[in-house]
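User: Could you take a close look at one helix pair in this model and tell me how it packs? I'd also like to see how that spot fits into the rest of the chain.

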Amino acid sequence: MPMPKRARDWAGSLAVYAEGRMIVMLLLGFSAGLPFLLVFSTLSAWLREAGISRTDIGLMSYVGLAYTIKFLWAPVLDHLRVPLLDRLLGKRRAWMVLAQLVAAAALAGLSFSDPSTSLTPVVLFALVLAFASATQDIAVDAWRIEAASDEKQGAMAAVYQLGYRIALIASGAGALFIAEGVSWHAAYLAMAALMGVGIGAALLAPRVAEAVAPVIGQETVDGFVRHFHVDGRPALIVAWLYRAVVAPFVDFFQRYGWWALVLLALIGLYRVPDFVMGVMANPLYIDLGFPLSTIATVVKLYGIWMTIAGALIGGIVAARIGVLRSLLAGAVAATGTNLIFVWLTFRGADPAALAVTISIENFSGGFAGTVLIAYMSSLVNHDFAATQYALFSSAFALPGKILGGVSGVMVDGFSASASLVGPLAAMAPHLTAKTAGYIPFFVATALMGVPAILLILVVMRFQPRPAPPPKPGTAA
């Protein structure tokens, strides 16, 4: 009996994951995710064990700003080529390999450092690692956008997240196990060796098509140069800066008009509920009385696999029903699932309730993350892939991180309100002033998702189709 058409369609959507470029994307996702924890929580654990003060550890987190401001040097990756490597590998892969080599060297440098003796080398190597890692992210994102059609961006995003999450296990739990069993020096040296996975993937990745002509008219460039009243070499510099830095943003606003502001607002607000809620998730588990072993098992290990499952399903759904409708589903799910934490707060330190909560929350978060990546990729002009995608990824991270900083103030404020805490605490015997304040907090974070949902509905109903960007030229 022949397979029904609907079943064949879904089978075709699944088959995309077996393509060679998906395997490469998986490995590049691993390489992109590996350094992340090594400049954040894993490094913090090493520093605290070495006797470094919490104040210094907190200040060390500022090295992670490289991930947030990477759009500032993304134009370099769009318009400058790496000597020698570019000729051998093409523009995108050359930048990948260079960034990976620098990241591996920085990890090796950290492995030979001793924070208990001197913190300065640790800070310097961590800073180099963060910038190299952010640069790798720019190059990998640009390659992903150029290596697959819009219809396959959901699947590419899904396998990227799969590799990224596996890397978080390796650089989180894996590094801690090595540090406990051998030493911190061995742990970071092992992570440096694992960067070889990304280097190998970059070498195996197919070369992608590159534009053969600038999308900005020469008259536009000349007008920009004349505005500064320069000629000769300064004129060449000004013209290059225009093409590299100004043109990507001009192109985006020219193609979408005033809708560009709506799209940036949509991207910036999309994950705000998750970012703000996520800061207070671990404090909630502690305040409810969950043991650290339970948190580690359910949240840090099991939860990652639920995120991966959501990411893979998100890639399939985006391919089947379209990116915008998937984006709406992800926004509704990610917003609504914040309310599951209200239920968990009422349940108390119940491991089964925690497992249900993490299953729903992480699955929806993985789904929403995949479709957002696919949507941002669909907005990019391939001639400015690195710069425009870096702009979008910074736009989606900044609002949530800024608002996430006041999440503790929100919980404390709600906890201090007797008119809120009293009736809530009376509803469950285990609720106290310390834990009851989480309930209105999670309701508030769920409401933070409503603006993004409304913006998606507006875009689906009213946004006109943008002027199509020029197609890339021949392969590099």
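**A close look at α9 and α10**

Analyst: Helix α9 passes helix α10 in a right-handed crossing. Keep in mind that this is a predicted model. As for the geometry, the two axes come within 9 Å and cross at roughly 145°, with α9 covering residues 120-147 and α10 covering residues 153-181.

Now for who meets whom. On the α9 side the contact uses Asp-137, Val-140, Asp-141, Trp-143, Arg-144, Ile-145 and Ala-147. Facing them from α10 are Gln-153, Met-156, Ala-157 and Tyr-160. By type, the contact residues come out as 7 nonpolar, 1 polar and 3 charged.

If you want one residue to start from, pick Trp-143. The largest nonpolar core holds 109 residues, and Trp-143 and Leu-28 are the two that touch the most other members. Helix α9 is also the biggest giver to that core, with 13 residues. Setting aside residues up to four places away in sequence, Trp-143 touches Met-156, one of the α10 residues in the helix contact. Trp-143 also reaches well outside the pair: Arg-21, Val-24, Met-25 and Leu-28 are on its list, and so are Arg-92, Arg-93 and Met-96, plus Ala-205, Pro-206 and Val-208. So one well-connected core member, Trp-143, touches the other, Leu-28. A second core, of 26 residues, lies apart from this one, with Val-272, Leu-288, Val-298 and Met-410 among its members. In general terms, nonpolar side chains tend to be buried together in soluble globular proteins.

Next, follow α10 over to helix α19, residues 351-378. Thr-370 sits in that helix and is buried, with a relative accessible area of 0%. Leaving out sequence neighbours within four places, Thr-370 is in contact with Gly-154, Ala-157, Ala-158 and Gln-161, and with Ala-311, Gly-314 and Gly-315. Ala-157 is a handy link here, since it also belongs to the α10 side of the contact with α9.

Further back along α19 you find Ala-353, which counts as buried because its relative accessibility is 2% and the cut-off is under 20%. Its contacts beyond four places in sequence are Trp-343, Leu-344 and Arg-347. Those fall in helix α18, residues 340-347, where Leu-344 is buried along with Ile-340, Phe-341, Val-342 and Thr-345. Ala-353 and Ile-340 are 13 residues apart along the chain, with 9.6 Å between their C-alpha atoms. Just after α18, Gly-348 takes a positive phi of about 85°.

For contrast, try Leu-189 in helix α11, residues 184-204. At 40% relative accessible area, Leu-189 is partly exposed. Leu-189 still touches Ala-108, Ser-111 and Phe-112, and its C-alpha is 8.1 Å from that of Leu-110, although 79 residues separate them in sequence.

Stepping back, the chain has 25 helices and 0 strands. Of its 476 residues, 51% are buried. Among contacts between residues at least 6 apart in sequence, 80% join residues at least 24 apart. The accessible surface comes to about 20,700 Å², and carbon and sulfur atoms account for 70% of that.

Methods:
Residues are numbered from 1 along each chain as its sequence is written. Side-chain values use heavy atoms; hydrogens and water are left out. A nonpolar core is a set of buried Ala, Val, Leu, Ile, Met, Phe, Trp, Tyr and Cys residues joined through side-chain atoms within 4.5 Å. Buried means under 20% relative accessible area, exposed over 50%, partly exposed in between (1.4 Å probe, protein chains only). Helices (H or I, at least four residues) and strands (E, at least two) are DSSP runs, numbered from the N terminus. Contact means heavy atoms within 4.5 Å. Axes are lines fitted to C-alpha atoms, for helices over the stretch in contact, and angles run from 0 to 180 degrees between N-to-C directions. A crossing is left-handed if the near helix is turned anticlockwise from the far one by less than a right angle, and right-handed if clockwise. Ala, Val, Leu, Ile, Met, Phe, Trp, Tyr, Cys and Pro count as nonpolar, Asp, Glu, Lys and Arg as charged, and the others, Gly among them, as polar. Accessible areas come from the Shrake-Rupley method with a 1.4 Å probe; for residues, only the protein chains shown count as cover.
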